[in-house]
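Here is a short tour for a reader new to this protein. Take a look at the model before reading on.

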Amino acid sequence: MGASFSLSFTDQDGFSSSSSPSLGDLPESCVASIIGYLDPPQICKLAKLNRAFRAASWADFVWESKLPPNYETLVGEVLSFVPEKLGKRGIYTRLCRVNTFDGGTKKIWLDKSTGGVCMSISSKGLQITGIDDRRYWNHIPTEESRFGSIAYLQQIWWFEVDGEVEFPFPPGTYSVFFRLQLGRAARRFGRRICNSEHVHGWDIKPVRFQLWTSDGQYATSQCTVSDPGEWFHYHVGDFNVENSNSSTRIKISMTQIDCTHTKGGLCLDSVVIYPSKFRERLKQRGYLKCAKPM
């Protein structure tokens, strides 16, 4: 496509002229068929080349292939209002934004590059044993969470966190994580510091993670919570969705209920659900803690 050629001819007055075709001469339908093989960020970059690419980048059939197969159901679940004439690119754009639902306790968005569905459930959307007793837990505002606050554990004997969500996930394999940090982060003189004063008890016995789905899938694993001062995604397990026409109910659990010792100094941000191929991204960035299957 980068090669060029010229057509030379002599007009009736004896002057020679030439014509060189350019990318702008390609038919819009042809351009749309080509860019349909690219991922969304690449399509948006090519749209800046010329009018033909810009017009082709709005073709509905291009963006329908990028949307999840049950995107109409997702729109009904998470978008409060959609203009009647909004095209497929507009729908893709809106679903890529972080959309909040279920009373502000859950957020969902499409990954911009792959169109994969991602979900986050805040600490306030989880059932935490002792959360109403400030001797044990507190909700702390922070900029380090999508939800603007986290649950901070000072000290407790019986540590148990449960969660449940029902959602029409598109077909695919998904991974579930707890986003945790040991120690309480703060800002001082513009620098991030972490107070590990209350961190104790997590090195004695591992935390147990469990995952159940409404169609009978089950996973369990365990991992020692470690490395204060950094947020990590602790892998709970994976589940598979085959039918996009129905919702999948998921239950998750994190426990350390050995009452021979207390544990504390833990920040709980959220439960995160990503397409399983995202695990490699987390690993490369150093954010992943892989639990051992039980």
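Which residues line the largest cavity? They are Leu74, Val78, Leu95, Ile108, Trp109, Leu110 and Val117. Helix 5 (71-78) and strand 4 (106-110) are the elements that each give two or more residues to this lining. Strand 4 gives the most, with 3 residues. The lining divides into 7 nonpolar residues, no polar ones and no charged ones. The volume of the largest cavity is about 40 Å³. The structure holds 1 cavity of 30 Å³ or more. Such spaces can be found by computation: rolling a probe the size of a water molecule over the atoms shows where empty space is left.

**The whole protein**

The model is predicted. The protein has 294 residues, and 45% of them count as buried. Its elements are 7 helices and 19 strands. Take the contacts in the protein with a separation of 6 or more: residues 24 or more positions apart account for 67% of them.

**Strand 9 and its partners**

Strand 9 covers residues 159-167. What lies on its covered face? Phe159, Val161, Gly163, Val165 and Phe167 do. The uncovered face holds Glu160, Asp162, Glu164 and Glu166. This fits a general pattern: in a regular strand the side chains alternate between the two faces of the sheet.

Strand 9 is joined to strand 6 (residues 127-128) by 2 bridges, and these two strands run antiparallel. Here glutamine 127 has aspartate 162 of strand 9 as its bridge partner. Strand 9 is also joined to strand 16 (residues 248-256), again antiparallel, by 9 bridges. In that pairing, glutamate 164 stands opposite lysine 251 of strand 16.

**Aspartate 269**

Aspartate 269 sits in strand 17 (residues 266-275). Is aspartate 269 buried or exposed? Aspartate 269 counts as buried because its relative accessibility is 3%, and the cut-off for buried is under 20%.

Two polar contacts of its side chain are given here, with the distance for each.

| Side chain | Partner side chain | Distance |
|---|---|---|
| aspartate 269 | serine 145 | 2.5 Å |
| aspartate 269 | arginine 179 | 2.7 Å |

Leaving aside residues up to four places away in sequence, aspartate 269 touches Ile121, Ser122, Ser123, Ser145, Ser149, Ile150, Arg179 and Trp231. Both polar partners, Ser145 and Arg179, are among them.

**Two residues with positive phi**

Most residues other than glycine have a negative phi. Aspartate 102 has a positive one, near 55°. Where is aspartate 102 found? Its place is the loop between strand 3 (99-101) and strand 4. Aspartate 102 counts as partly exposed because its relative accessibility is 46%, and partly exposed lies between 20% and 50%.

Phenylalanine 189 also has a positive phi, near 55°. Phenylalanine 189 lies in the loop between strand 11 (184-188) and strand 12 (191-195). Why does phenylalanine 189 count as exposed? Its relative accessibility is 81%, and exposed means over 50%.

Definitions and conventions. Residues numbered from 1 in each chain as written. Predicted model: local features only at pLDDT ≥ 70, side-chain atom pairs only at ≥ 80, totals over all residues. Heavy atoms only, no water. Helix = DSSP H or I, 4+ residues; strand = E, 2+ residues; numbered from the N terminus. Buried < 20%, exposed > 50% of the residue type's maximum accessible area, 1.4 Å probe, protein only. Polar contact = N/O pair within 3.5 Å; in protein donor to acceptor, adjacent residues only side chain to side chain. Contact = heavy atoms within 4.5 Å. Pairing = 2+ DSSP bridges. 1 Å grid on protein atoms, 1.4 Å probe; cavity = no way out; pocket = protein on both sides within 12 Å on 5 of 7 lines; lining within 4 Å. Points joined across faces, edges and corners; volume = space filled by probe spheres on them. Nonpolar A, V, L, I, M, F, W, Y, C, P; charged D, E, K, R; others polar.
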